Amino acid sequence: MLGRIYALVLKEFLALLKDKRARFVLIGPPLIQLMVFGYAATFDLKNVPYAVYNEDRGSAARELLADFDGATSFTPVAQITHESEIAPLVDGKQVLMVIHAGPNFSAELAAGRPAPLQVIVDGRNSNTAMLAINDASVIVDRFNTAWAAAHGGSPPPAHIEMRAWFNPNLESRWFFLPGIVGILTLLLTMLVTALSVAREREQGTFDQLLVTPLRPVEILIGKTLPGFLIGMAEASVIMLAAVFWFKVPLLGSLLTLYTGIALFLLSGVGVGLMISSFAATQQQGLLGAFIFMVPAIILSGFATPIRNMPLLVQDITLFNPMRYFLLVLRGVFLEGMPFHLLIPQFWPMALIGVTAFGIAGWLFRHRMY
Amino acid sequence: MRLRGLIRKEFLQIVRDPSSIAIAFLMPIFLLLLFGYGVSLDSEHIPLALVVEQPNTDTADFSAEFDHSKYFVTSYYASTRDAEQAMMAGRVNAIVVLRQDFASTLRRGDSAPIQLIVNGVDANTGRIISGYVQGAWGSWLAHAAQKRGEVLQVPVQMQQRVWFNSELRSRNFLVPGLVAVIMTLIGALLTAMVMSREWERGTMEALLVTPLSMREVIIGKLLPYFILGMGGLVLAVGMSLFLFEVPLRGSLWVLFVASALFLVTALSMGLLISTVARSQFVAGLIALIATFLPAFLLSGFIFDIGSMPTVVQVITHIVAARYYVAILQTVFLAGNVWDVILPNALALLLLATVFLGLTWRNARKRLE
């Protein structure tokens, strides 16, 4: 039995890697994508272009605007002198934000009355807009505290002391990079498995495989191992890059991490093979891979929290292996979660994997053309 | 005339393998429904632990702010340790602690500390929570001042005005972005396999010995899928407007012209993929890699392109979805701003020309 499986695994590897293009496609892009996406996926604003509309001649407005100038989130790109200049700048996306201090800004402030600072934000991307408002209000708050201290105002009766666990500087890249490791691992398993059976069906070689002495279980194992091994190897490389290049902390144990990866690969390869054995043509296989992969990523909690989804969609995510894998990755990487706390994530992935394999094996026999 | 024959053949192929029709019509419905409802960045009902070590009237006023906030679901814990355990287990995302001496410090006139601990793993949510807690704190201070018959004095008052989306409803920008992502998938999926299938089965050579020129072959391959894709697009736009109630402030015809342009670009990319790859297998692999993830992560759909490092910003220029996302978000939310629409439309045109040119060259070279 082992000999037969070995022969099949060897054949699968050859089929995957003998084509120069296929070889390149499997090895090159995941690494390139890690680099590009690793830098692209962040909610930390940098150099947001803004325009200054300062009608005030006093020093207070200048000081406050200097604080904006010094912040890494913002870069001033225009000084305007008239209200009519605002709309074209914002509409044409030259600036994302306009800061407007009225003519009496410094005078009001000196007189102890509230001085309004108008901030106009382009809301076309409401998330970026909200982040920009947050960053701006942090700058204004800091200015207020300093102003009150310097001008003898009483401090507020209570103040907030904030601490962030696991990610003290709240760097969003730490949150996204483990997610990207997960996404690329999923992509890879889809690449290796989704077309494997479909291609043999289309070319008619799958029937030949079925009439060999190989049993369906053996075919299943033979089809699984290459995806599993390639996935393991590339996931390891991607994680090395995340830790050593992007400096994401890895606090938990490798054993826990690899348990998670193995179970995820099991479910991913299982679903891939299921799709592939259901498809009659490669085009259908590709379609199936997308129909699974796109929701699996968008509804995994990668960029938008699952908590924000309607309850029905939250229930659907329970069938999504990515959901569990992301929790494992973030838990092990950033929180150093121990093995036993992650068991609630481990068993659903195992269950999804086993079910998918069962269906795939059944389809081998019962879907004939 | 010759062209008509080829187009007829493509249509027959489409009808006989229903997966193309499924791609064009079922995919946009299915994906938009799932994501339009599922994807939201508006954080509400964040589970928060409140630890009040010594409850009294002062702390009651403070916790009332949290009970009434729509952003938080507050649960009370007896001690900081219990709350920390709840956060470890993922039951709450943040902890607010009022120490034993909170009220007495407050009465003495010293600034009493309010401790806020957030789970920083999801840094974005962490920051949103901190903003909301600040807000609750501010309105608590204002209420307290009001009770004393005073008005709270803040030196600089930030007044924010958000244009185009004043309620910051994240669906308004996510749905147009999703339309771009979905159309990228549809465009590439429809054509990615088309030429490689002909090469793989050897029918391409049969096609080439007919009097059809290469240009006619490409048009014949593009046109049927363009019609299918436009059908899917009409569905997607209709759903955005009527189901998700995204306002359309620009004009419909600009939207459709830009979309047609984008669809041609996406289809040409698919054709290029299927010409470069010699087999359907490799074409499928490239389509999986080159379409969805770049459109999702590098288009400005969720992540702000301006905040990316310069090298990555340069790379985003070859992602067609980037231009389409900019056009869609502008036409839907801001109106016909030609300063945004024209450059992006030109970029799409350029990309389409490059893709088609490369397809043409590659397909011709193959003959030798």
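Start with two helices of chain B, H7(B) and H12(B): they are roughly antiparallel to each other, because angles over 145 degrees count as such. This is a predicted model.

**Stop 1: H7 and H12 of chain B**

Select residues 170–192 of chain B for helix H7, and residues 280–290 of chain B for helix H12. The two pack at an angle of about 175 degrees, and their axes are 10 Å apart. Now show the residues that meet. From H7(B), pick B:Ala188, B:Leu189 and B:Ala192. From H12(B), pick B:Ala283, B:Gly284 and B:Ala287. By class, this contact has five nonpolar residues, one polar and no charged.

**Stop 2: H10 and H11 of chain B**

Next, select helix H10, residues 214–243 of chain B. Add helix H11, residues 252–276 of chain B. Their axes come within 9 Å and cross at roughly 135 degrees. H10(B) and H11(B) are therefore oblique to each other. The crossing is right-handed.

Show the side of H10(B) in this contact: B:Ile218, B:Lys221, B:Leu222, B:Tyr225, B:Phe226, B:Gly229, B:Met230, B:Leu233 and B:Val237. Opposite, on H11(B), are B:Leu255, B:Ser259, B:Ala260, B:Leu263, B:Val264, B:Leu267 and B:Leu271. The residues of this contact divide into 13 nonpolar, two polar and one charged.

**Stop 3: H1 against H10 of chain B**

Keep H10(B) on screen. Add helix H1, residues 2–16 of chain B. H1(B) and H10(B) pack at about 45 degrees, with their axes 9 Å apart. That makes H1(B) oblique to H10(B). Here too the crossing is right-handed.

Which residues of H1(B) meet H10(B)? They are B:Arg2, B:Leu3, B:Leu6, B:Ile7, B:Glu10, B:Phe11 and B:Ile14. On H10(B), look for B:Glu216, B:Val217, B:Ile219, B:Gly220, B:Lys221, B:Leu223, B:Pro224 and B:Leu228. This contact has ten nonpolar residues, one polar and four charged. B:Lys221 takes part here, and it also belongs to the contact of H10(B) with H11(B).

**Stop 4: a sheet built from both chains**

Hide the helices and show strands. An open sheet of five strands runs in the order E5(A)-E4(B)-E3(B)-E1(B)-E2(B), with mixed pairing. E5 of chain A and E2 (72–77) of chain B stand at the edges, each with a single partner strand, so one side of each has no neighbour in the sheet. Neighbouring strands are turned by 25 degrees against each other on average, direction ignored.

Zoom in on the join between the chains. Strand E5 (residues 158–165) of chain A and strand E4 (residues 112–119) of chain B run parallel, joined by eight bridges. Find A:Met162; it stands opposite B:Leu116.

Move one strand along. Strand E3 (residues 94–98) of chain B and E4(B) pair in the antiparallel sense over five bridges. There B:Ile95 has B:Ile117 as its bridge partner.

Bring back two helices. H6 (residues 123–147) of chain B packs on the sheet, touching E5 of chain A as well as E1, E2, E3 and E4 of chain B. Its direction makes about 155 degrees with that of E4(B). H4 (residues 80–88) of chain B lies across E1 (46–52), E2, E3 and E4 of chain B, running at about 165 degrees to E1(B).

**Stop 5: the other shared sheet**

Now select the strands in the order E2(A)-E1(A)-E3(A)-E4(A)-E5(B). These five form an open sheet with mixed pairing. Its edges are E2 (74–79) of chain A and E5 (156–163) of chain B, each with a single partner strand, so one side of each is left without a neighbour in the sheet. The twist averages 25 degrees from one strand to the next.

Within it, E3 (residues 97–101) and E4 (residues 115–122) of chain A pair in the antiparallel sense over five bridges. Pick A:Met97; A:Val121 stands opposite. H6(A) lies across E1 (48–54), E3 and E4 of chain A together with E5 of chain B, at about 170 degrees to E5(B).

**Stop 6: the whole interface**

Finally, color by chain. The contact takes 99 residues from chain A and 90 residues from chain B. Which helix gives the largest share of the chain A side? Helix H6 (residues 126–150) of chain A does, with 14 residues. The chain A side divides into 62 nonpolar, 23 polar and 14 charged residues.

For confidence, the predictor gives the complex an ipTM of 0.85 and a pTM of 0.87. Chain B averages a pLDDT of 86, and 98% of the residues score at least 70.

Technical notes: Residues are numbered from 1 along each chain as its sequence is written. Chains are lettered from A and ligands numbered from 1 in the order in which they are written. This is a predicted model: local features need pLDDT of at least 70, side-chain atom pairs count only at pLDDT 80 or more; totals for chains, interfaces and linings use all residues. Axes are lines fitted to C-alpha atoms, for helices over the stretch in contact, and angles run from 0 to 180 degrees between N-to-C directions. Helices (H or I, at least four residues) and strands (E, at least two) are DSSP runs, numbered from the N terminus. Angles under 35 degrees count as roughly parallel, over 145 as roughly antiparallel, 65 to 115 as roughly perpendicular and the rest as oblique. A crossing is left-handed if the near helix is turned anticlockwise from the far one by less than a right angle, and right-handed if clockwise. Two residues are in contact if their C-beta atoms, placed from the backbone, lie within 7 Å. Ala, Val, Leu, Ile, Met, Phe, Trp, Tyr, Cys and Pro count as nonpolar, Asp, Glu, Lys and Arg as charged, and the others, Gly among them, as polar. Two strands pair if DSSP finds at least two bridges between them. pLDDT is the predictor's confidence in each residue, from 0 to 100.
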